[in-house]
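Reader: I'd like to learn how to read this model, one feature at a time. Could you walk me through it?

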Amino acid sequence: MFSLAKLREMLTSKRGAVLAALLAVSAVAVASSDAHESSSEGRVAKPVHAEGKGDKCVREVSYMRRHHMDELKHQRKETMRKGVRTTEFSLQGCVDCHADKKTSSVVGKEGFCQSCHTYAAVKLDCFECHASKPKAATAFNSKAGQGVKVSGDMGMAPKMHIDLQTDTVEPISTGGN
Amino acid sequence: MDKTPENKSHDSSRRQFVGYGAAMAGLAIAPGVTLFDLAHGRAPEEAASSKVRWGMLIDSGKCATGCDDCVSACGKENGFSGTRETDSQWIRKVEIKDLRSGQSHSLPMMCQHCEHPPCVDVCPTGASFKRADGIVLVDRHICIGCRYCMMACPYKARSFVHEELHDQNPDVPRGKGCVESCTLCVHRVDKGGQPACADACSEAGHNAILFGDLNDPNSEISKRVTTLATTQVRADLGLNVGVRYQGL
């Protein structure tokens, strides 16, 4: 009886040790797999929050994270319906400040808007219509100067055709980067 | 007034309009010229006002046959070339000819920015709307692309965007699946400018397109509308359009 009880005790303590050892090993394994997966292609990349152009955003960052969509929607109604053109919550203002330095765009893999929307799995359709680049980075930037020159010429139509062809080619080349 | 025969109603409304304009012109000599500046230099936070009614007067006598500077300028400003088959057309040149006399006219045709726009009447979602200052627009956030407005418009002024667009003008958001038309370059007008077509026409030295406030008796456009014979295209429809033609 005694020897049996002792044996059982020994067994359980051994089992405990084995269990503890197993747990330790698996914890290490999980930690290492975490470290491995965060850098792999399989997981959704963490959003990129590059520094904006200005000193600070128009509101606190915590407020903007939660409410930027409401403010944008409100502004959209004011501008579209009433013609109010304040810049504080205009989408153009966001783009001007947050455009990526390399691609000068808020969309794309590392774009300020898209990287976060991809991470949060929220559809981003603003930029199907709205320009994702600041005006300074688009073909419409030097438009005023070009317009004067081109309209002074008589052969306007073919020139314009070429201009606009380059316009359509440009996003494909820059978008790929 | 709507119940009276078409011609009579048109005549009387025109007479009334001319009389009203003349009366206003008389009144406005006292307050001075600053009225126009106030109306045009609107602060960004100020909403468009119904005191203003933007309009255009197109002098077909000055509009040169074969010149399409206004059309190209529109495309350049708003981001379409007119070279692709499905490209939008916000403004087009029309040549009209009287077969008996052989007399011909050239003129640009675009959204006429009606006071009573049929496109707004038929829009099932409320996307098509008229702003307080008379500019008829499409709210693309709400447009479902049903194209009823295209059928309703007597001027064939609206286009549907069939293909995905890239690299839009930041001031002119445009995209696939929506109906669109001349916005009277609302983004320029809000900043105190005038439409790209009017700019291009004066740059080319034709000065056939005059843009201004039809409600302001001191504006050049009002003065010309009150003193010269101007025409509304399809005036019989009683839409009271914002784009008038001279010399037709």
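**Reading the two chains**

Author: Happy to. From its N terminus on, chain A runs α-α-α-α-α-α-α. Keep in mind that this is a predicted model.

Reader: How many helices and strands does each chain have?

Author: A good start is to list the elements chain by chain. Chain A has seven helices and zero strands. Chain B has eight helices and 10 strands.

Reader: And what share of the residues in each chain is buried?

Author: For burial, you count neighbours around each residue and then look at the share that passes the cut-off. In chain A, buried residues make up 21% of the 177 residues. In chain B, they make up 41% of the 248 residues.

Reader: What do the contacts say about how far along the sequence the partners lie?

Author: Here you take contacts with a separation of 6 or more and ask what part of them joins residues 24 or more positions apart. That part is 51% in chain A and 63% in chain B.

Reader: Let's turn to cores. Which residues have the most contacts inside the largest nonpolar core?

Author: The general idea comes first: in soluble globular proteins, nonpolar side chains tend to be buried together. In this model the largest nonpolar core has 51 residues, and those with the most contacts inside it are B:Ile58, B:Cys70, B:Cys74, B:Ile91, B:Cys197 and B:Ile209. Helix α7 of chain B, residues 196–203, gives the most to this core, with five residues. There is also a second, separate core of 11 residues, and among them are A:Ala99, A:Cys113, A:Cys126 and A:Phe127.

Reader: Which residues is B:Ile91 in contact with, leaving aside neighbours within four places in sequence?

Author: The list for B:Ile91 is B:Cys70, B:Val71, B:Cys74, B:Pro108, B:Met110, B:Cys182 and B:Cys197.

Reader: How do I read a helix pair? At roughly what angle do the axes of α3(B) and α7(B) cross?

Author: Look at the distance between the axes, then the angle, then the handedness. The axes of α3(B), residues 69–78, and α7(B) come within 8 Å and cross at roughly 135 degrees. The two helices are therefore oblique to each other. As for handedness, α3(B) passes α7(B) in a right-handed crossing. On the α3(B) side the contact is made by B:Asp69, B:Cys70, B:Ala73, B:Cys74 and B:Glu77, and on the α7(B) side by B:Ala196, B:Cys197, B:Asp199, B:Ala200 and B:Cys201.

Reader: What about a single helix that isn't straight? Where does α2(A) bend?

Author: α2(A) bends at A:His67, by about 70 degrees. Just past the helix, have a look at the backbone too: α2(A) is followed by A:Gly83, whose phi is positive, near 80 degrees.

Reader: Which residues other than glycine have a positive phi?

Author: Two cases to check are A:Ala121, with phi of about 55 degrees, and B:Asn207, with phi near 50 degrees. Both lie in loops: A:Ala121 is between α4 (112–120) and α5 (126–129) of chain A, while B:Asn207 is between α7 and β8 (209–213) of chain B.

Reader: Why does A:Ala121 count as exposed, and why is B:Asn207 partly exposed?

Author: It comes down to counting C-beta neighbours. A:Ala121 counts as exposed because it has 7 of them inside 10 Å. B:Asn207 is partly exposed because it has 13 other C-beta atoms within 10 Å.

Reader: Is a loop residue such as B:Gly79 buried or exposed?

Author: Don't judge from the element alone; count again. B:Gly79 lies in the loop between α3 and β2 (91–97) of chain B. B:Gly79 is buried, because 25 other C-beta atoms lie within 10 Å. Not counting residues up to four places away in sequence, B:Gly79 touches B:Gln168, B:Asn169, B:Val172 and B:Arg174.

Reader: And a residue in a strand?

Author: Take B:Leu137, in strand β5 (residues 136–138) of chain B. B:Leu137 is buried, with 23 other C-beta atoms within 10 Å. Setting aside neighbours within four places in sequence, B:Leu137 is in contact with B:Phe129, B:Arg131, B:Thr183 and B:Val186.

Notes: Residues are numbered from 1 along each chain as its sequence is written. Chains are lettered from A and ligands numbered from 1 in the order in which they are written. Helices (H or I, at least four residues) and strands (E, at least two) are DSSP runs, numbered from the N terminus. A residue is buried if 20 or more other C-beta atoms lie within 10 Å of its own, exposed if 12 or fewer, and partly exposed in between; C-beta atoms are placed from the backbone. Two residues are in contact if their C-beta atoms, placed from the backbone, lie within 7 Å. The bend at a residue is the angle between axes fitted to the seven residues ending there and the seven starting there. A nonpolar core is a set of buried Ala, Val, Leu, Ile, Met, Phe, Trp, Tyr and Cys residues joined through C-beta atoms within 7 Å. Axes are lines fitted to C-alpha atoms, for helices over the stretch in contact, and angles run from 0 to 180 degrees between N-to-C directions. Angles under 35 degrees count as roughly parallel, over 145 as roughly antiparallel, 65 to 115 as roughly perpendicular and the rest as oblique. A crossing is left-handed if the near helix is turned anticlockwise from the far one by less than a right angle, and right-handed if clockwise.
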